[in-house]
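This report describes the fold of one protein chain for a reader who is new to structural biology. Please keep the sequence and the structure in view while reading.

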Amino acid sequence: MSTSDGRVLVVDDDAAFRFAMRKALGRLGYRVDEAAGGHEGVRKLEAGDPPDAALLDLRMDDLDGLEVLRRCSRVPTKFVVLTGHGSVDAAVQAMKLGAFSFLEKPVDADILQPLLDQAIAEARRGRGAVDAGSAASDFAPPLVGTSAAMEEVRSFVARVGPTDETVALYGETGTGKEVVARHLHLRSPRKNGRFVALNAACVPRDLFESELFGHKKGAFTGATGDRLGLFREANGGTLFIDELGELPLESQAKLLRALEERKVRGIGEAREIPVDVRIVAATNRDLWSEVQAGRFREDLYFRLQVFPLRLPPLRERVEDVPELAVHLLERIGGAPRQLAADAIKALTSYEWPGNVRELLNVLRRASLFATGEVLDGELVRRMIAASVFAHPSATTTRASTPAVRVVAPSAPASSDEEMSLAELERTHIERTLARMGGNITKAATSLGIDRRTLQRKLRSYGIAAGDE
């Protein structure tokens with residue numbers, strides 16, 4: 001699930017980090033503002049129209065992140081705390097003060113984006129951006145597509161959703177595992193209970209047990225209050241554990257016991273507490289290979305294999321891309337909401353290694369640069385080329401191009417129309433480099449890639465790529 005057009009405030013006294021975050025998040029469609037320290041962050045957060053989410057550095061010279069959290073306890077912004085000095089104490093204190101999540105620098109964009117989307121969605125629900133009578137778990141984006149692969153997914157949800165069985169979802173990043181998990185929840189007798197999601201990749205290793213099972217005040221240094229834990233928060237509902245393969249072995253053993261006994265014991269607690277929770281787990285790893293490598297418990301693996309489902313990557317259901325693209329354009333909002341015939345061709349000729357999430361990002365960028373009501377092929381190909389920079393192994397694929405709200409191109413076809421993506425990429429790089437007078441640093445900045453990546457690509461083209 002992704003939330004477009006979210007407002008994010010980056011609070012950090014490192015100007016280079018703020019610049020990098022503003023540029024990276026801006027390319028993903030977020031509206032980004034900056035605060036050069038804690039005091040400025042507090043002023044902007046309390047200004048009357050606070051952002052949906054804030055990236056908050058924990059260590060700042062003027063006012064640290066924990067103090068910002070204390071002063072802004074009533075602000076309806078969701079805080080993702082960032083630090084280069086991660087510790088259990090700091091994480092626990094930040095969570096206790098209301099932080100939405102905690103990440104260590106350097107930040108991985110693949111982890112940050114879905115986390116921000118979730119934070120923004122929850123912030124908007126808290127402000128009544130959705131029907132005030134609906135719970136957070138009442139929302140699930142539609143399962144878009146009419147391919148045989150998506151029909152199998154719908155059939156699985158229809159049959160397994162009403163049961164109370166454990167589900168294991170497998171699939172590449174961006175294939176919609178949380179969306180399917182939410183549909184399973186809404187199909188179940190637990191639909192009036194909570195849907196609680198945990199991204200295991202976002203939790204510091206030392207905090208897994210506390211996050212899942214809770215703790216008593218004083219159970220360890222920094223435990224300044226009681227914490228229920230996600231199992232008890234999801235009692236009567238569904239607990240979705242994403243990136244399951246990130247769980248450390250010791251936490252895997254305790255998760256297995258909780259599944260078998262249906263009881264949990266928080267850190268420092270004297271007795272076990274019964275819980276009634278359905279587990280939906282997800283991973284983009286081959287868990288059996290993890291078992292064989294000794295990184296995942298075999299008994300937990302088989303305990304989760306009650307109802308396994310592999311979600312198809314987008315390249316295996318390319319016939320769904322036009323319909324999915326139109327759906328995503330409507331979610332992004334504003335103009336354009338239509339696709340030219342050559343844009344459909346471009347979208348269905350790419351393998352989408354980043355799956356639906358990458359498609360959404362391409363459409364966000366294209367919408368930002370579009371000048372009319374219709375997305376044309378030339379613009380879409382340029383936005384795809386930007387994605388190819390991050391996926392050098394990506395290739396094109398032949399596919400049919402179903403007509404879904406397709407309109408005639410608004411302008412004559414570009415001379416680049418028949419180029420392959422690789423040819424288009426090289427042409428675009430050469431033109432940008434020429435426009436920047438051969439300055440590699442400026443060209444890399446314009447292209448949205450780092451300098452080393454650009455130099456590597458230039459060398460592969462046989463173009464001199466030395467220092468300026």
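## Helix 10 and its surroundings

In helix 10, the residues Ser 251, Gln 252, Leu 255, Leu 256, Ala 258 and Leu 259 are buried. Here, buried means under 20% relative accessible area, exposed means over 50%, and partly exposed lies in between (1.4 Å probe, protein chains only). Helices (H or I, at least four residues) and strands (E, at least two) are DSSP runs, numbered from the N terminus. Viewed down the axis of helix 10, the buried residues fall within an arc of 160°, so they line one face of the helix. The arc is taken from the directions that lead from the helix axis to the C-beta atoms.

The model is predicted: local features need pLDDT of at least 70, side-chain atom pairs count only at pLDDT 80 or more, and totals for chains, interfaces and linings use all residues. Residues are numbered from 1 along each chain as its sequence is written, and side-chain values use heavy atoms, with hydrogens and water left out.

Helix 10 (residues 249–261) consists of 13 residues and reaches 18 Å from its first C-alpha to its last, close to the 18 Å expected at 1.5 Å a residue. The expected span is 1.5 Å times one less than the number of residues. What do the buried residues of helix 10 pack against? Their partners are helix 8 (208–213), helix 9 (230–233), strand 8 (238–242), strand 9 (263–264), strand 11 and helix 12 (298–304). Packing and touching rest on contact, which means heavy atoms within 4.5 Å.

## Two residues with positive phi

Most residues other than glycine have a negative phi. The table lists two residues with a positive value.

| Residue | Phi | Place | Relative accessible area |
|---|---|---|---|
| Arg 262 | about 55° | loop between helix 10 and strand 9 | 38%, partly exposed |
| Asn 355 | about 60° | helix 15 (residues 355–369) | 0%, buried |

Arg 262 comes just after helix 10.

## The sheet of strands 7, 8, 11, 6 and 12

An open sheet of five strands has the order 7-8-11-6-12, and its pairing is parallel. Two strands pair if DSSP finds at least two bridges between them. Strand 7 (195–199) and strand 12 (307–310) are the edge strands, each pairing on one side only. On average, neighbouring strands of this sheet are turned by 15° against each other, direction ignored. Axes are lines fitted to C-alpha atoms, for helices over the stretch in contact, and angles run from 0 to 180 degrees between N-to-C directions.

Strand 6 (residues 167–170) and strand 11 (residues 278–283) run parallel and are joined by four bridges. Tyr 170 has Thr 283 in strand 11 as its bridge partner. Helix 6 (residues 148–160) packs on this sheet and touches strand 6, strand 11 and strand 12; the direction of helix 6 makes about 160° with that of strand 12.

## The sheet of strands 2, 1, 3, 4 and 5

Another open sheet of five strands has the order 2-1-3-4-5, with parallel pairing. Strand 2 and strand 5 (101–104) stand at its edges with a single partner strand each, so one side of each is left without a neighbour in the sheet. Neighbouring strands of this sheet are turned by 20° against each other on average, direction ignored.

Strand 3 and strand 4 run parallel, joined by five bridges, and Asp 57 stands opposite Leu 82 in strand 4. Helix 2 packs on the sheet, where it touches strand 1, strand 2, strand 3 and strand 4, and its direction makes about 135° with that of strand 2. Helix 1 (residues 15–27) lies across strand 1, strand 2, strand 3 and strand 4, running at about 170° to strand 2.

Within helix 2 (residues 38–45), the buried residues are Gly 38, Gly 41, Val 42 and Leu 45. They cover an arc of only 100° around the axis, which puts them on the same side of helix 2. Their cover includes strand 1 (7–11), strand 2 (31–35), strand 3 (53–57), helix 3 (65–71) and strand 4 (78–83).

## Leu 28 and the whole chain

Leu 28 lies in the loop between helix 1 and strand 2 and is buried, with a relative accessible area of 15%. Not counting residues up to four places away in sequence, Leu 28 touches Gln 113, Asn 361 and Arg 364. The C-alpha atoms of Leu 28 and Asn 361 are separated by 5.7 Å, although these residues are 333 residues apart along the chain.

The protein has 19 helices and 15 strands. Of its 468 residues, 51% count as buried.
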